[in-house]
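The following exercises concern salt bridges and the overall form of a chain. Please study the structure before reading each solution.

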Amino acid sequence: MINIKTNNILFWIKNNLFNDLKGSILTVIGLYIAILIFFGLFKFIFINADWEVVIVNFRLLILGRFPIGQEWRLIPSLILSCILIGMSISIWSKLNLIKIILLILILYIIFAVFLSGFASLIIGIAIISGCLAYVLSNSYVLFKIKLNLLKKITIYGWILLLPLTLILLNINGGVGTERWGGVFLNIMLAAIGISGGIIFGPLLALGRNSNFKSIKYPCIAYIEFIRAAPLIGWLFLARFVLPTLLPSLFELNKIDIVIRAMIVLVGFSSAYIAEIVRGGLQSLPKGQREAGMALGLNEFNITWFIIIPQAIRAVIPALVSQFIALWKDTTLVYALSLTELLGAANAAVAQPDFVGKQIEVFLFIAVIFWAFSYIMSRISSKMETRLGLGKW
Amino acid sequence: MVNKDNNNKNITTNKKIIICENVEKWYGQFQALKGITTSIKEGEVVVIFGPSGSGKSTFIRTLNRLEPHDKGSIKIDGIEINDDVEDLEKLRSNVGMVFQQFNLFPHLTVLKNISLAPQKVKNLSKKESEGLAFELLERVGIPEQAYKFPGQLSGGQQQRVAIARALAMQPKIMLFDEPTSALDPEMIKEVLEVMTKLAKSGMTMIVVTHEMGFGKEVADRFIFFDEGLIVEEGTAKQVFNNPKEERTKLFLSQIL
């Protein structure tokens with residue numbers, strides 16, 4: 001007797017890929033192209049490519065011109081984020097054997113090809129603590145901790161990660177933002193842009209829906225004004241115009257360019273997030289507010305406990321795609337002559353030793369951008385199912 | 001005082017808890033309420049019926065100011081309801097409301113749906129409010145559903161949770177706005193049973209419904225609404241057996 005599982009697969013292949021002549025021809029052509037691309041890529045990555053340009057410039061790509069000897073400031077955040085990733089995966093996701101093998105394979109390639117010395121030690125420690133956190137929080141029952149508490153710890157950990165990083169970057173002399181660079185700068189810009197947007201966006205959305213005209217119209221004006229120009233326009237404004245516009249009081253006109261970029265990103269993402277959240281507010285049935293009113297809840301409690309959670313839940317896919325867009329838009333600060341990831345890549349290929357090595361470098365940064373975006377979109381789809389979207 | 005022949009509950013006092021005088025309400029050019037004058041005693045159960053668009057729902061929604069009325073006066077428990085009401089939230093927590101569409105909070109568990117308002121309005125602790133919630137769930141017969149989300153319950157169960165949620169504020173008056181109209185027939189009974197129990201416990205209730213069997217069992221008084229006016233009111237015997245008005249007769253002949 002034939003194994004049922006193989007039988008099913010064969011059946012599926014026959015039905016979906018070879019059900020008639022036209023389908024079969026298309027399948028063969030598609031398969032041929034896929035194999036061509038796959039082998040081309042495989043051959044390039046493992047045989048033709050010369051990864052030395054990435055290996056030599058690894059520090060530049062990751063940290064830009066971050067002062068040597070100051071890396072310790074980032075180590076706690078790196079380890080903490082690995083721990084939080086481990087805990088989050090164990091709480092909200094499930095790793096099967098295939099995923100674990102794939103993950104190990106990817107990490108092995110990164111370590112074998114790109115990392116060496118001190119960096120490999122630190123990243124190794126971070127990854128190991130992440131794995132430990134995964135294993136430990138998988139067996140949380142043994143420590144008599146409730147799952148809810150574990151979830152709370154993880155969420156607070158994520159919230160505290162950014163402030164912690166900022167504090168560590170500023171204590172004891174600190175590292176000026178002008179020395180931030182590489183993918184680290186992109187991460188910081190995106191984290192601040194997204195966090196600021198999450199805080200101010202819903203407030204703007206509520207303001208735009210407000211009955212008070214003195215709140216409503218400024219919010220509308222702000223949102224429409226910000227959305228009327230592209231992000232790069234605002235960044236240029238921050239670079240060239242803002243210093244002359246701002247008063248010299250408190251040296252406001254001498255604010256560092258990175259901080260100006262952060263302000264622009266927060267302002268920009270707030271406006272877009274506000275409109276997304278407003279869509280969510282409008283999707284709620286009127287009865288929700290009425291039910292809250294009938295119970296005697298005040299305006300604040302209705303908004304905070306009933307309206308906002310549902311409005312945001314309804315727009316998670318659009319929100320996350322805004323976050324992903326913002327993450328990739330952080331490369332635009334390249335226009336402010338900052339060495340973020342793309343700037344660092346361009347600096348790397350400009351070195352005389354590595355003329356003509358663009359493909360290696362850009363492939364490397366493409367994978368980094370893809371990895372972060374992919375993680376965000378996975379979180380989004382996890383949140384959608386977790387929060388039970390659609391099963392009201 | 002109205003004497004009830006079909007249950008042994010008695011209206012304990014003669015205190016009028018709701019007094020409405022000439023209540024009018026417009027939606028633009030359309031006048032939804034054309035001068036409603038009536039009063040409701042403490043412990044009384046009143047059933048309001050009438051054709052759709054007759055202003056029944058609008059009327060009971062003016063009683064907790066979900067719809068502000070434009071003219072006339074409404075007094076609840078001695079307090080005049082208008083824009084000057086000092087503590088609208090407190091007034092509303094004294095007047096529970098159950099909606100046709102349940103309006104449960106879909107993102108909260110049944111337990112949290114019920115315990116949210118006591119926590120935020122009455123400042124009960126989490127433990128106290130959840131204890132209260134379990135008590136009420138017991139009363140409406142679904143304590144085992146406490147940790148589920150509204151979307152996982154049947155319509156009848158959802159409406160029973162909505163009743164428990166309104167009761168959690170320990171209101172003096174309960175308003176029911178067509179509580180069984182959105183339910184499948186087999187679920188209507190379970191909701192009406194809960195409401196019957198509540199009526200017999202002495203709660204002041206105003207119910208907009210066409211469930212006349214339920215009405216005949218528990219209502220002290222029926223009010224027939226048409227075109228924004230009270231056409232006729234009285235006990236079951238008066239309204240069903242000897243309706244005075246032609247319009248009442250016509251409507252009753254259509255629904256009975």
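**Exercise 1.** Determine whether Glu44(B) and Arg221(B) are buried or exposed, and state which parts of chain B their pair ties together.

*Solution.* In this predicted model, Glu44(B) and Arg221(B) are both buried. Next, consider their side chains: they form a salt bridge, with 2.9 Å from N to O. Finally, locate the partners. Glu44(B) belongs to the loop between strand S2 (30-41) and strand S3 (45-49), while Arg221(B) belongs to strand S9 (residues 221-226), so the salt bridge ties together parts 177 residues apart in sequence.

**Exercise 2.** Classify Asp77(B) and Lys172(B) by their relative accessibility.

*Solution.* Partly exposed residues fall between the limits of 20% and 50%. Asp77(B) has 25% relative accessibility and is therefore partly exposed. Lys172(B), at 39%, is likewise partly exposed. The side chains of Asp77(B) and Lys172(B) meet in a salt bridge of 2.6 Å, N to O. Asp77(B) lies in the loop between strand S4 (71-76) and strand S5 (79-80), and Lys172(B) in the loop between helix H5 (155-167) and strand S7 (173-177), so this pair joins parts 95 residues apart in sequence.

**Exercise 3.** Decide whether the radius of gyration of chain B agrees or disagrees with that of a compact globule.

*Solution.* First, take the expected value: for 256 residues, a compact globule would have a radius of gyration near 18 Å. Then compare: chain B has 18 Å, which agrees. As further description, 56% of the 256 residues in chain B are buried, and the C-alpha trace spans about 55 × 45 × 40 Å along its principal axes.

Notes: Residues numbered from 1 in each chain as written. Chains lettered and ligands numbered in written order. Predicted model: local features only at pLDDT ≥ 70, side-chain atom pairs only at ≥ 80, totals over all residues. Heavy atoms only, no water. Rg over C-alpha atoms; globule rule 2.2 N^0.38 Å. Buried < 20%, exposed > 50% of the residue type's maximum accessible area, 1.4 Å probe, protein only. Salt bridge = Lys/Arg side-chain N within 4 Å of Asp/Glu carboxyl O. Helix = DSSP H or I, 4+ residues; strand = E, 2+ residues; numbered from the N terminus.
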